[in-house]
Amino acid sequence: MTPINSVGETKQPITFGPRKPVKTEKSGFGQLLTDAVKNINDQQKMADKTAIQVVEGKVGIHEGMMTLAKADISMRAMLKVRTKVLEAYKEIMRMPV
């Protein structure tokens, strides 16, 4: 049995899973977009690997289709966001100064 700590004592919080590195860079909209594109690229690479594993018989077809569907949805969402951003940019450029 562990003793009860007093209120003044500080302990490191319990974390589950891998620790995320602390970013020292400024995080902004550009960094957010860069991270999103990297994440989607990683999902596409994972989908390619999973497709190869399905053909080799290492992974079931159901799991392969789920991975491919996730990558497809992510790519479609990114393309929609890109289209909206370009439309907004064009609209701003058409505004009279």
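Contact here means heavy atoms within 4.5 Å. The model is predicted. Under this criterion, Ser 74 touches Ile 40 and Gln 43, leaving aside residues up to four places away in sequence. Ser 74 belongs to helix α2. Its relative accessibility is 18%. Ser 74 therefore counts as buried, because the class takes in values under 20%.

The pocket search was examined next. The largest pocket has a volume of about 180 Å³. Two elements, α1 (29-56) and α2 (61-94), each give two or more residues to the lining of this pocket. The lining includes Leu 32, Leu 33, Ala 36, Val 37 and Ile 40. Ala 77, Met 78, Leu 79, Val 81 and Arg 82 also line the pocket. By class, nine lining residues are nonpolar and one is charged. No polar residue takes part in the lining. The charged class covers Asp, Glu, Lys and Arg, so the charged lining residue is Arg 82. Ile 40 appears both in the pocket lining and among the contacts of Ser 74.

Salt bridges were then considered. The whole structure holds three. One of them joins the side chains of Asp 72 and Arg 76, with an N to O distance of 3.0 Å. Both residues lie in helix α2. They are four residues apart, about one turn of the helix. Asp 72 is partly exposed, at a relative accessible area of 36%. Arg 76 has a relative accessibility of 55% and so counts as exposed, the class being set at over 50%.

Another salt bridge links Glu 91 with Arg 94. Here the closest N and O atoms are 3.6 Å apart. Glu 91 and Arg 94 are separated by about one helical turn, because they stand three residues apart in helix α2. Glu 91 is partly exposed, at 46% relative accessibility. Arg 94 reaches 60% and is therefore exposed.

A further salt bridge brings together the side chains of Lys 58 and Glu 56. The N to O distance is 3.3 Å. Lys 58 counts as exposed, with 64% relative accessibility. Glu 56 has a relative accessible area of 49%. Glu 56 is therefore partly exposed, since the exposed class requires over 50%.

In each of these pairs, the basic residue is exposed: Arg 76, Arg 94 and Lys 58. The acidic partners are partly exposed: Asp 72, Glu 91 and Glu 56.

How values were computed:
Residues are numbered from 1 along each chain as its sequence is written. This is a predicted model: local features need pLDDT of at least 70, side-chain atom pairs count only at pLDDT 80 or more; totals for chains, interfaces and linings use all residues. Side-chain values use heavy atoms; hydrogens and water are left out. On a 1 Å grid over the protein atoms alone, a cavity is a set of points where a 1.4 Å probe fits but cannot get out, and a pocket is an open set with protein on both sides within 12 Å along at least five of seven lines; lining residues have an atom within 4 Å of a point. Grid points are joined across faces, edges and corners, and a volume is the space filled by probe spheres set on the points. Buried means under 20% relative accessible area, exposed over 50%, partly exposed in between (1.4 Å probe, protein chains only). A salt bridge is a side-chain nitrogen of Lys or Arg within 4 Å of a carboxyl oxygen of Asp or Glu.
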